[in-house]
Amino acid sequence: MEKIVSLCKRRGFIFQSSEIYGGLNGVWDYGPLGVELKNNLKQYWWQVMVRQRDDVVGLDGAILTHPAVLKASGHVDTFTDPMVDCRTCKARLRADQLAEKNGVKQCPNCGGKDLTEARPFNLMFQTQMGASADPASIAYLRPETAQSIFVQFKNVLDVSRKKLPFGIAQIGKAFRNEINPRNFTFRSREFEQMELEYFCRPEQGMDLLAYWLKERIKFYEEIGISRKRLHVLDVPEKERAFYSRGTFDIEYEFPFGRQELEGVAYRTDYDLQQHSRASGKSLDYFDEETKERFVPHVVEPSAGVDRTVLALICDAYDEDSAPDEKGKMETRIVMRFHPRMAPIKCAIFPLLRNKEALVAKAREVQALLRPHMNVFYDEGGAIGRRYRRQDEIGTPFGVTIDFETLGEKGEELRDTVTLRDRDSMKQERVAIKELPQLISSKIR
Ligand code: GAP
């Protein structure tokens with residue numbers, strides 16, 4: 001994990017937020033490569049979950065949330081962790097993370113035994129709307145994206161004219177005042193979710209739960225996460241939310257242990273019923289064929305963007321060996337991202353920076369590829385070092401413009417380049433005009 005955290009900072013994937021002021025605990029900023037990786041993930045999720053389907057539409061709800069919404073959903077009263085205060089060192093600790101010696105609970109910071117009783121601590125961030133500071137002006141930063149989907153269910157149903165089963169998808173920020181943010185970005189206080197609420201008839205719930213579990217595993221394989229590091233936990237009834245009839249956790253083997261990436265839950269009609277009762281507005285569905293009116297049930301695949309980015313980074317990290325400039329073998333760090341996820345798809349190298357014709361041709365290739373993919377131009381240093389820099393950030397393809405390209409080694413090689421594959425390090429000679437199609441077909 002140390003190697004991964006260090007690479008993330010050194011190469012610009014992830015930085016600690018407010019680092020120059022000592023950092024803001026549990027909050028992270030994504031650097032130039034991190035934002036590309038994150039966007040590739042979100043775009044692919046949107047592509048697969050919304051655009052390629054007839055039965056799902058999107059939503060982009062607000063982060064600031066009316067307290068009544070979170071009261072009805074149960075978050076105001078029950079979205080809590082039990083907390084204990086240490087009277088000796090004043091640390092606030094999660095009750096389930098206390099150390100124990102000879103059967104006596106102790107503070108893990110100072111060893112003190114003078115602890116308060118456990119009290120519930122709400123994980124939501126509360127803020128004030130407008131100038132007045134009275135209780136009526138309280139708003140919350142949403143703790144999940146799901147609630148705006150439930151609250152807008154009727155509006156979306158009316159405008160989209162969808163028939164059950166159909167879903168509403170959303171990607172966006174969520175905030176939780178986690179007591180112990182840890183494991184790099186894994187447990188953060190500000191993070192992003194990719195959630196689908198898939199509404200259905202009650203009798204379809206269990207089958208759709210199995211369907212969405214399969215679809216979601218397929219998704220992780222399609223973004224390059226190795227199947228052998230993914231696990232499915234069938235959450236036992238006593239650990240599920242009381243309204244859930246079935247929940248699967250999709251877990252990933254992180255270097256710090258097997259942990260949840262996504263929850264796929266059959267939430268019955270709990271959410272729509274709660275909001276319908278609390279708002280006094282009907283959130284039911286009229287089935288024109290059967291002439292029945294009922295509140296739909298829902299199956300929810302809920303994934304974390306940041307956790308998936310972390311899994312992508314952990315899964316991609318590899319070390320092998322490659323020859324240096326003098327042919328001596330050295331350790332090579334290589335991020336084996338699936339080309340679909342890689343932040344940069346193709347690097348473009350003129351063999352020498354001081355040969356005008358090579359540089360001009362390389363710039364031409366850059367302009368040719370740019371409309372199709374994220375490319376990176378690099379003319380600095382020996383070619384082997386330039387390859388190595390790209391391997392370390394997972395760029396799947398490298399194009400080198402050399403004297404053959406200029407036609408100096410035979411007319412038949414004019415306007416051809418070498419195309420290098422990151423994983424095999426093999427190079428093939430291809431015509432420049434074939435590059436856009438050739439590379440595009442591998443990154444989609
Ligand atoms: N709407 C259901 C829901 O929010 P959840 O299991 O609390 O369920 C869903 O969260 C996903 O959101 C998790 O599987 C995880 O990927 C992500 N997530 C939750 N809390 C997180 C945190 N503190 N930091 C990063 N990701 C988090």
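The second largest pocket holds about 510 Å³ of space. Start there in this predicted model, and select Asn 40, Gln 43, Tyr 44, Arg 340 and Ile 443, which lie closest to the centre of that pocket among the 21 residues that line it.

Next, colour helix H2, residues 32-51. This helix supplies nine residues, the largest share of the lining of the second largest pocket. By class, the lining of the second largest pocket divides into eight nonpolar, seven polar and six charged residues.

**The largest pocket**

Move on to the largest pocket, where about 1,600 Å³ of space lies. Select Phe 79, Glu 144, Arg 176, Asp 249 and Glu 260: of the 43 lining residues, these lie nearest the centre of the largest pocket. To see what surrounds them, show the elements that each give two or more residues to this lining:

- helices H4 (75-78) and H9 (305-316);
- strands E5 (80-85), E13 (190-200) and E15 (246-254);
- strands E16 (257-266) and E19 (297-304).

Which element gives the largest share of the lining of the largest pocket? Strand E16 does, with five residues. Colour the lining of the largest pocket by class and it shows 13 nonpolar, 15 polar and 15 charged residues.

**The cavity**

Leave the pockets and look for enclosed space. Rolling a probe the size of a water molecule over the atoms shows where empty space is left. The count comes to one cavity of 30 Å³ or more, and the largest cavity has a volume of about 40 Å³.

To find the largest cavity, select its lining: Ala 347, Phe 349, Tyr 387, Gln 390, Asp 391, Thr 395, Pro 396, Phe 397, Gly 398, Arg 420 and Arg 422. Strand E22 (346-350), helix H11 (383-393) and strand E24 (397-401) each give two or more residues to this lining. Helix H11 gives the most, with three. The lining of the largest cavity has five nonpolar, three polar and three charged residues.

**Strand E24 and its partners**

Now select strand E24. Is E24 mostly covered or mostly open? It is mostly covered, since five of its five residues are buried. Turn the strand to view its two sides: Phe 397, Val 399 and Ile 401 point one way, while Gly 398 and Thr 400 point the other way.

Add strand E22, which runs parallel to E24 and is joined to it by five bridges. For one of these pairings, select Pro 350, whose bridge partner in E24 is Ile 401.

Then add strand E25, residues 416-421, which pairs with E24 in the antiparallel sense over four bridges. Here Gly 398 has Arg 420 in E25 as its bridge partner. Both Gly 398 and Arg 420 are also in the lining of the largest cavity.

**Thr 395**

For the last stop, select Thr 395, another residue of that lining. Thr 395 is found in the loop between H11 and E24. Why does Thr 395 count as buried? Its relative accessibility is 2%, and buried means under 20%.

Show the side chains of Thr 395 and Gln 390, which are joined by a polar contact of 2.6 Å. Then widen the selection to what Thr 395 touches, not counting residues up to four places away in sequence: Ile 344, Lys 345, Cys 346, Ala 347, Gln 390 and Arg 422. Of these, Ala 347, Gln 390 and Arg 422 also line the largest cavity.

How values were computed. Residues numbered from 1 in each chain as written. Predicted model: local features only at pLDDT ≥ 70, side-chain atom pairs only at ≥ 80, totals over all residues. Heavy atoms only, no water. 1 Å grid on protein atoms, 1.4 Å probe; cavity = no way out; pocket = protein on both sides within 12 Å on 5 of 7 lines; lining within 4 Å. Points joined across faces, edges and corners; volume = space filled by probe spheres on them. Nonpolar A, V, L, I, M, F, W, Y, C, P; charged D, E, K, R; others polar. Buried < 20%, exposed > 50% of the residue type's maximum accessible area, 1.4 Å probe, protein only. Pairing = 2+ DSSP bridges. Polar contact = N/O pair within 3.5 Å; in protein donor to acceptor, adjacent residues only side chain to side chain. Contact = heavy atoms within 4.5 Å.
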